[in-house]
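Let us walk through this structure together, from its strands to the charged pairs that join them. Please keep the 3D view open as you read.

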Amino acid sequence: MRHHPAEAFRHAHGRIALIAVAGAALLAAALIPVASASTRAKNVKNPICSRLGQIGLSAGAHMYCQGPVKTTGSGVRNSRRSSSAPKNVNAAHPREDVSPSGARAYGQSEESVAAVGSYVVEAWNDSTGFQSSCGAPNYKEELTGYGFSANGGKKFHDEGGLPNNLCSSGWLYEGDPSVVGWTSGGVTYFYISSLFDNIHSGHSAIALDACTVNGTGSSATLACNTAPTLVATGALRPFPDFLDKDFLALDKARNRLYATYTRFSASAFNGQIELAVCDIAGSSAGNPTCYPGRSEKPYYVVQTSDPNCEHEGAYPAVDPATGDVYVAWEFNWATNFENPACYSTPTQERLAYIPNSCLTLPASTCTSPAPAQATIDITSMDAAFIPGYNRFPMSDFPRIAVSDKSNTVTIVWNDGARHATGDILMQSYGLGASLTPVQSKPVRLNNNKGKTWVFMPALRNADKSGLLDVVWYDRRNSSPSCEACTDLYAALKVSPTATKKPTSNVRITNVSSNWNAVSSDIVPNFGDYTDDLVVGKSLYAAWADGRLGVPQPFFAKTGG
């Protein structure tokens, strides 16, 4: 997240300059490298940074490699308010985004959210860490921040960075957070995972903080462990692996926590999709034991690396009834236009089935990779220059949920086949090893008229009726005077077996964000994913919002 060797710096920022020039008419914003990158960034040793421009990497990886990258904008601020949308709440507080020296940070994005009863946790990439060093109050040096609400999301307390007692040895949380929560033994826990990298040695890992709710009601507080739990660890030789793009799924019935991520290594040069598991039974709920943990050997390889084309963007889902795990990811992302060897290879969303019988502890009893997979060819939007969005390439990563009521596992993604500016598509499959497609072709979820940018859908779980709520960024409220005005929209109560688009979409944001008028220290300025979660009758949504002129992690709750 921080920085990189000089050669990689020139390569990465040369690419940024190219984007700014080639896409200036579309972006209406200039990407300006910071004159002096953070001290920690200069010490980054992981060779993944030299591959920027050859493969695609997550927002956390870009922060690790590039350090802060300024985006400036001009034009109209925010517009098009909505009185019918739910209340929008900032899960952070701008007062916290100031370093001990008094330098203000501009950028919090890439959110994940979880809720248990009246308790809500949202986590995000936090650029305050660029200007802060070990020992900063509230762990401001960490690039993964989080907020806690004890009253159902009506108000959050910005907790700063994830607690980390290994900072002085070079280990730092580097963003790409994922959050899940549950109650065990009468105690409520939240788990926040993140990239976790050593900026001195280049050693790379995925780690989590286990956090406990103390007290009750609106006066409750959240306390996170200061000692990170290693979920998975990369090898250091022959050169350091890089573990990227983590995400969590919880199996409450079996006291398990699963994490997916991508390993880039000497033997998995274009990305290997892996699965890790944490035991959270009994006394382990507050101090999980994870596999592979400190071991460099993966617990389970979902998909081995391809010689030419990239695997990236993995998300997991658990079948509550059986404990089977499903993993969705994208194949040939970024390499579909960056590597000539992949120009004729279809870009695909892929789905793997891993039976619960394989997921034994401490080691899996099954042979990797996953024995059953489904694939669907997509039209990728990764080469798009989206106005006001300061990252290239953008992502088409699939989000995933299991519905036992419908006997389906469903993926959603943004796709440029029908409209160049994108649609949100849904495809469901029957549960189990067969992964039989339910629809003959993917179903469009956005019902806007005309052509407008829609992208980055979120989907985590089905409601008690087996129906799905999907959110995404949407620009149907943009105008010639505000081309980058962006909202969060949702398709609610969608049947996984539907074959027609929903009759209505619901606006989640009550103010549009004009991303051409937002200052950001991080790339991407509003992340490469949104998040949502269904709890009871309520949908909890999290997204990056620019209404204050700086990216902030917002929250909204609908229904219930």
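A salt bridge here is a side-chain nitrogen of Lys or Arg within 4 Å of a carboxyl oxygen of Asp or Glu. Before we use that term, a word on the source: this is a predicted model, in which local features need pLDDT of at least 70 and side-chain atom pairs count only at pLDDT 80 or more, while totals for chains, interfaces and linings use all residues. Residues are numbered from 1 along each chain as its sequence is written, and side-chain values use heavy atoms, with hydrogens and water left out.

Let us begin with the whole chain. The protein chain has 34 strands and five helices; both are DSSP runs numbered from the N terminus, with at least four residues for a helix (H or I) and at least two for a strand (E). Of its 560 residues, 66% count as buried, where buried means under 20% relative accessible area, exposed over 50%, and partly exposed in between (1.4 Å probe, protein chains only). The exposed surface of the protein chain comes to about 18300 Å², and carbon and sulfur atoms supply 52% of it. These areas come from the Shrake-Rupley method with a 1.4 Å probe; for residues, only the protein chains shown count as cover. Among contacts (heavy atoms within 4.5 Å) with a separation of 6 or more, 66% are between residues 24 or more positions apart.

Now find strand E5, residues 119–126, where eight of the eight residues are buried. Strands count as paired if DSSP finds at least two bridges between them. E5 pairs with strand E4 (residues 108–116) in the antiparallel sense over seven bridges, and Gln108 stands opposite Asp126 of E5. The two strands form a hairpin with two residues between them, and Gly117 in the turn has a positive phi of about 60°. E5 is also joined to strand E6 (residues 144–149) by six bridges, again running antiparallel; here Val121 stands opposite Phe148. In a regular strand the side chains alternate between the two faces of the sheet.

Which residue forms a salt bridge with Glu110? The partner is Lys245, with the closest N and O atoms 3.7 Å apart. This pair links distant parts of the chain, since Glu110 lies in E4 and Lys245 in strand E14 (residues 242–251), 135 residues apart. Both Glu110 and Lys245 are buried. The structure holds 14 salt bridges.

Next, look at an open sheet of four strands in the order E23-E24-E25-E26, with antiparallel pairing. Its edge strands, E23 (399–403) and E26 (443–444), each pair on one side only. Strand E25 (residues 423–430) pairs with E26 over two bridges, and Leu425 has Arg444 in E26 as its bridge partner.

Arg444 also takes part in a salt bridge, meeting the side chain of Asp423 at 2.9 Å, N to O. That pair links E25 and E26, with the two positions 21 residues apart in the chain numbering. Is Asp423 buried or exposed? It counts as buried because its relative accessibility is 1%. Arg444 is buried too, with a relative accessible area of 12%.

One last pair is Arg507 and Asp487, whose closest N and O atoms are 2.9 Å apart in a salt bridge. Arg507 sits in strand E30 (residues 506–507) and Asp487 in strand E29 (residues 485–494), 20 residues apart. Both Arg507 and Asp487 are buried. Finally, salt bridges that share partners join Glu110, Lys245, Arg391 and Asp528 into one network.
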